[in-house]
Every structure is written in C-alpha cells, then in structure tokens.
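Subject: Structure for your review

Dear colleague,

Please find below the structure that I am handing over to you. My findings follow it, beginning with the ligand.

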Amino acid sequence: MPRVLIADKLEPAGLELLRAAGIDAETRLGLKGADLAAALREFDAAIVRSQPKVTAEALENPGKLRAIARAGVGVDNIDVAAATRRGIVVMNTPGGNTVSAAEHTVALMFAVARKVAAADAVMKAGGWDRNKFVGSQLAGKTLAVVGLGRIGREVARRAVGLDMTVVALDPFVTAAKAAELGLRTVNSLDELLPLADFLTIHVPATAETKGLVGARELGLMKKTAVVLNVARGGIIDESALAAALKAGTIGGAGVDVFTAEPTTADQPLLTAPNVVLTPHLGASTVEAQENVAVEAAQLIADFLLKGQVANAV
Ligand code: MLT
C-alpha cells in the first residue's frame, strides 16, 4: 500500500479520499530539519501546506519519496529545483483558495477604509467615538492591481462590482481581456502607483518580486493611499511601509502575510498606525481548506495509482 505523509493540518475530506483510494495517509505535524528529512524518506509522497520547510537539505536523501503536493498555491516553502533534481514532482492546487484569498483582500480593504478594527478596539475598551473613525467609501475610488492571475482577477471583479475603477499591471493580459474584465492596464509600476487609492499585489514570491514595492515606490503614491498585501511577505517592503505609515506619506495598510511568520515583536508593522493585520488568513476558510485538501489528495492519488501528473510547478 503506498504511504503518504501529511505534514500539515489537512481537512478530513482529503484524508478520506486517500484512504478510500487504498492509500495509507499518516499525519505528523511540526516536523523540521532532520526530523522532516527522516520522515520524508519513509513515504512515497507528501502533502504539505506552508508550515514545513522542504529545503534542499530535507530532500538530500529522499528515499522513496516521489511526489509532494502543496495544499495551496505558494510553493515558496518547497525547494522545487532541489526536488526536481531528485526526480520528485511538486504539484499545487492553484484554484481551491482563490475566492477566499480574494474575499480576504476585499475584507482588508473595507476594514482599513472604514477603520473597523480600531473602532472595535475603542468600543471594547468602553469608548464611543464617532468623529475619530470617519472613513472613506470604496465606490468611485481607484484600485490598482499588480498581477491578474486567478486571485488578482477575482479581486478586480469584486472591485468592479463595488463601483471602483480598476487599473492593473500584468504584461500577460491583453487589452481585449482587460476590457472583458472591466478594467484597463498600464505598462509599468511607476505608471500604476500614482493612480492608486488602494493598491493590491497578487504575484508569487520570487527573487524578482522581493521588495517590488519599497520606499521609492511608496513615494510615488498618494498620501491617502491604502496598501494591501495578501500575497507573500516581503513583496512590499515592511520596514519601508511602516516608515511611510508613521510619516503619514501612506494613508493605511491591510497586511495578511509577513517576511517572518509567525511575526515577532520586532515586526515593524505591529507598531505602525492605520494598519489592519491578520495572521496569513487569506486561505483560512472552511471552503478553501476543504477544496485544497481534496485537490491535493486527488493529485497524489492520481500520481501514485495512475502515474498522472497535474499542476506540476
Ligand atoms: C497559499 O499559498 O495557498 C496561501 O497563501 C495559503 C497558505 O499558505 O496556506
């Protein structure tokens, strides 16, 4: 019977699918370093979310491991090049949490614009202050979207539905497609940033996207602009963003992802004003977690039982 290591919390529907297919699924949580390496080599395949760091060292002596499925989109916790060198296929589930991530982006946009978290905190501390929490409408404002992949498009679609003007940067989207989505595209970040009342980034974490929006780029934006990051920590430079918020040269931010997760006390955004922070919750819905668990389990079952590969990254 093929054996699959479940190295992160996975919704039961995924485990049930594997077991019904005659695959032994064993959950072991919190594995790191040498323990993770030792566990991986015992199994034919593994399913992970974002917790285990599947580094080149973890894959150095992979035993019978032949496939890793990421229940989610980002594979930045897996050294895909090292896996490929060892003949291990890495697959992801790009569709399962799209809607949840897009909805979380919109939730943060509303939360920042209407100062929901700050007003809630004041009320719970016994206060009642209506003047301090005057917000701004989203209707009529411009949302700038960097990256019109699955999540970026869903965010854009929702923003159009909220009567926002959407302008996007994505070299792969044609003018015809942009028109179909109800938005227009521009050719550079420098052209996009001054237009934004709200900026949202939906690109993967790569060497090219690290620090994509730093102090210089934030300096091109309106002082009232709100910056959103539900993609990956570090794509927007956290120190530069915190400094801009403290200086009042950026109006607010909604951030779900951080360079170091979990965050520590030295995370600069924790002490910045006008910020709503959430602990990487973009895909944390019942629906998304069930979707990605089932999709990841299906990928592994198809690979182990039929030799099929889908969604290889
Ligand atoms: C993803 O990449 O799928 C999301 O960020 C959610 C996650 O990391 O679990």
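The ligand is surrounded by Arg49, Ser50, Gly72, Val73, Gly74, Asn97, Gly282 and Ala283. By class, this shell comprises two nonpolar residues, five polar ones and one charged. Please bear in mind throughout that the model is predicted.

Overall form

The secondary structure amounts to 11 helices and 12 strands. Along the principal axes, the C-alpha atoms occupy a box of roughly 65 × 50 × 35 Å. The radius of gyration is 21 Å, which agrees with the value near 20 Å for a compact globule of 313 residues. Of those 313 residues, 42% count as buried. Among the contacts with a separation of 6 or more, 61% are between residues 24 or more positions apart.

Domains

The protein is divided in two: domain 1 takes in residues 3–96 together with 286–306, and domain 2 covers 98–277. A distance of 31 Å separates the C-alpha centres of domain 1 and domain 2. Contact between them involves six residues of domain 1 and six residues of domain 2. On the domain 1 side, the residues that touch domain 2 are two nonpolar, two polar and two charged.

Strand S3 and its partners

Strand S3 spans residues 45–48, and both of its faces are covered. Ala45 and Ile47 are buried on one side, while Ala46 and Val48 are buried on the other. Which strands pair with S3? Strand S1 (residues 3–6) runs parallel to S3 and is joined to S3 by three bridges. Strand S4 (residues 67–70) is also parallel to S3, with four bridges between S3 and S4. At the level of residues, Ile6 has Ile47 of S3 as its bridge partner, and Ala46 stands opposite Ile68 in S4. Ile47 and Ala46, which thus take part in these pairings, belong to opposite sides of S3, and both are buried.

Backbone features to inspect

Most residues other than glycine have a negative phi, and most peptide bonds are trans. Three places in the model depart from this pattern, and I list them in turn.

- The peptide bond from Glu261 to Pro262 is cis, with omega near -5 degrees. Pro262 is located in the loop between strand S11 (252–255) and strand S12 (275–277).
- His280, although not a glycine, has a positive phi of about 50 degrees. His280 belongs to the loop between S12 and helix H11 (286–306). Is His280 buried, exposed or partly exposed? His280 is partly exposed, because 18 other C-beta atoms lie within 10 Å, whereas a buried residue would need 20 or more.
- Asn311 also has a positive phi, of about 55 degrees, and is not a glycine. Asn311 is situated in the segment after H11. With 16 other C-beta atoms within 10 Å, Asn311 is therefore partly exposed.

In brief, the points that I would draw to your attention are the ligand shell, with Arg49 and Asn97 among its residues, the buried strand S3 between its pairings with S1 and S4, and the cis bond from Glu261 to Pro262.

Yours sincerely,

A colleague

Notes: Residues numbered from 1 in each chain as written. Predicted model: local features only at pLDDT ≥ 70, side-chain atom pairs only at ≥ 80, totals over all residues. Domains from an automatic or database assignment. Contact = placed C-beta atoms within 7 Å. Nonpolar A, V, L, I, M, F, W, Y, C, P; charged D, E, K, R; others polar. Near = placed C-beta within 6 Å. Buried ≥ 20, exposed ≤ 12 C-beta atoms within 10 Å, placed from the backbone. Helix = DSSP H or I, 4+ residues; strand = E, 2+ residues; numbered from the N terminus. Pairing = 2+ DSSP bridges. Rg over C-alpha atoms; globule rule 2.2 N^0.38 Å.
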